[in-house]
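The following report examines one protein structure for a reader who is new to the subject. Please keep the sequence and the three-dimensional view at hand while reading.

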Amino acid sequence: MAEVLPQDAGASEVRRLRAELFALRQVPREEARALSAAFYTSREYLDFERQALFRTQWICIGHVGAIPTAGDYFTTELVGEQLLIVRDSSTVRVLSNVCRHRGSPVAQGAGHAPRFVCSYHGWTYALDGRLLAAPLIQDGKHFSKASCRLPQFASEIWQGYIFVNLDGSAGPLAPTLSPAIPFIKNYHPADQHFLFEAQEVWQTNWKCLVENFMEGYHLSPLHSKTLHPVTPTKLCEKLPDGDSFTGYRANFHPECPERGPYHADLTPQERRSDVFYCVYPSFVVGFCPHFTLYMCIRPLTADSVGIRWGVTGIADDPGSPVVESYVRFCKEFCAEDRMQLERLQCGLNSLSYVPGPLGPDHVEGTVWDIIQYMARRLGQADSAPPGASIDLRD
Ligand code: FES
Ligand SMILES: [Fe+2]
């Protein structure tokens with residue numbers, strides 16, 4: 001029996017989606033539309049993003065406030081890499097958390113250590129990754145203790161946030177974000193106190209969460225009792241975007257009381273608005289007058305996302321009522337977002353969904369910016385001959 005099978009269903013789906021992104025580059029703003037569902041559900045497309053975005057770009061993995069003193073560390077996974085983020089005297093290093101012996105992680109969770117001892121056979125590493133001890137092992141043709149170390153990844157601290165670039169190919173991050181500085185400098189983010197951090201897994205595609213954090217369209221309908229009374233949808237405004245970021249301002253409802261304590265440098269407008277930025281592809285941060293809320297987002301599977309989120313602020317006591325009440329507030333509206341995004345992911349599995357139009361700039365211009373970033377980075381004209389397939393007829 002004659003049977004014609006696609007050459008490689010996964011590869012052809014990635015090619016089709018990249019061609020869709022390429023075509024979106026030419027779509028005028030007034031015809032802006034959402035991405036096809038497969039961008040959010042395809043395992044093969046996620047594999048492509050892991051290689052093409054998460055290994056090549058600057059990815060935020062946490063805040064320096066989590067490791068204030070030498071020997072403090074935390075670990076994380078990022079697209080299959082095990083990372084060990086450690087403060088070595090005044091330097092923050094991002095090391096490979098994989099033992100040079102037989103590959104076990106050398107540290108777990110977070111904590112404080114003078115050195116790292118692999119639990120499997122006791123190989124021991126200094127805070128800078130140098131091998132200090134390898135019991136019973138002698139130098140040989142392919143191994144020298146003196147030159148053995150945990151590999152170190154390229155990293156950069158921007159405004160207190162730790163970014164890693166796994167393949168070392170990205171240029172410096174800070175210059176690409178300098179156009180955003182006038183909009184955030186008065187909050188003095190790098191001087192804020194580290195007050196709270198938590199990790200969560202939500203059942204949604206990582207892009208759904210980035211887009212959700214970055215658009216004000218849903219503030220009034222979804223957050224009718226939490227955020228709408230503070231920052232209603234109709235008062236949102238788009239901020240200028242750049243090659244590697246986008247942002248918007250959510251102005252306060254006139255009846256919303258001031259939110260303090262805030263930095264004396266804040267302008268009257270900054271005292272009565274929140275400013276949200278996305279550093280592409282997956283770091284989002286909201287500067288409120290009194291606190292800053294951030295999310296370091298990493299894909300786990302096509303329909304699940306790992307989130308490290310936290311709060312910094314002018315206040316310096318994590319246990320103070322004003323901090324506890326803000327963290328409680330964040331948990332409340334994040335629970336609303338989570339519920340909505342997990343529902344959204346179910347909807348995106350439907351074959352009948354056709355991408356709808358995006359709202360105007362002040363509410364969904366940021367989503368269009370994110371899509372255009374994807375289109376710039378990942379879009380590719382489809383060069384495959386039409387109908388390319390393997391013919392299995394004998
Ligand atoms: S795998 Fe780490 S000491 Fe053997
Ligand atoms: Fe939300």
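The report below describes a sheet, a metal site, aromatic pairs and some backbone features.

**The sheet and its helix**

The structure is a predicted model. Seven strands form an open sheet in the order β12-β18-β17-β16-β15-β14-β13, and their pairing is antiparallel. The edges are taken by β12 (193-202) and β13 (236-242); each has a single partner strand, so one side of each is left without a neighbour in the sheet. On average, and with direction ignored, neighbouring strands of this sheet are turned by 15 degrees against each other. In general, the strands of a sheet pair through backbone hydrogen bonds, either parallel or antiparallel.

One strand pair may serve as an illustration. Strands β14 (residues 245-251) and β15 (residues 273-279) run antiparallel and are joined by seven bridges. Asparagine 251 has serine 273 in β15 as its bridge partner.

A helix accompanies this sheet. Helix α9 (residues 321-348) lies across β12, β17 (291-301) and β18 (304-313), and runs at about 20 degrees to β12.

**The iron site**

Which residues supply the protein donors of the iron ion (ligand 2)? They are His218 and His223, each through NE2, and Asp337, which is listed with two OD donors; these atoms lie 2.1 to 2.5 Å from the ion. Along the chain, the donors follow the spacing H-x4-H-x113-D. Histidine 223 lies in the loop between α7 (219-222) and β13, whereas aspartate 337 belongs to helix α9, so the pair ties together parts that are 114 residues apart in sequence. Histidine 223 and aspartate 337 are both buried.

Why is the arrangement of the four donor atoms around the iron ion (ligand 2) called irregular? The angles that these atoms subtend range from 56 to 149 degrees. Four donors count as tetrahedral if all angles lie between 85 and 135 degrees, so the range of 56 to 149 degrees does not fit that description.

**Aromatic pairs**

The count of aromatic pairs comes to 17. Two of them are set out in the table.

| Pair | Centre to centre | Angle between planes | Type |
|---|---|---|---|
| Phenylalanine 39 and tyrosine 45 | 5.1 Å | 90 degrees | edge-to-face |
| Tyrosine 161 and tyrosine 294 | 5.1 Å | 70 degrees | edge-to-face |

The pair of tyrosine 161, in strand β11 (residues 161-165), and tyrosine 294, in strand β17, links distant parts of the chain, 133 residues apart. Tyrosine 161 has a relative accessible area of 0% and is buried; tyrosine 294 likewise counts as buried, at 0% relative accessibility. Tyr161 and Tyr294 form one aromatic cluster with Phe163 and Phe283. Phenylalanine 39 and tyrosine 45 are buried as well.

**Backbone features**

Most residues other than glycine have a negative phi, and most peptide bonds are trans. Against this background, four places deserve attention.

The peptide bond from glycine 260 to proline 261 is cis, with omega near 0 degrees, and proline 261 lies in the loop between β14 and α8 (268-271). A cis bond with omega near 0 degrees also leads from tyrosine 280 to proline 281; this proline 281 is in the loop between β15 and β16 (283-287).

Valine 79 has a positive phi, near 35 degrees. Valine 79 is placed in the loop between β3 (72-78) and β4 (81-88). Is valine 79 buried or exposed? Its relative accessibility is 6%, so valine 79 counts as buried. Histidine 188 also has a positive phi, near 50 degrees, and is situated in the loop between α5 (181-184) and β12. With a relative accessibility of 25%, histidine 188 counts as partly exposed.

Definitions and conventions:
Residues numbered from 1 in each chain as written. Chains lettered and ligands numbered in written order. Predicted model: local features only at pLDDT ≥ 70, side-chain atom pairs only at ≥ 80, totals over all residues. Heavy atoms only, no water. Pairing = 2+ DSSP bridges. Helix = DSSP H or I, 4+ residues; strand = E, 2+ residues; numbered from the N terminus. Axes fitted to C-alpha atoms, helices over the stretch in contact; angles between N-to-C directions. Contact = heavy atoms within 4.5 Å. Donors = N, O, S within 2.8 Å, 3.2 Å for Na, K, Ca; no water. Tetrahedral: all angles 85-135°; square planar, octahedral: opposite > 155°, others 65-115°. Buried < 20%, exposed > 50% of the residue type's maximum accessible area, 1.4 Å probe, protein only. Phe/Tyr/Trp six-rings, centres within 6.5 Å; stacked < 30°, edge-to-face > 60°.
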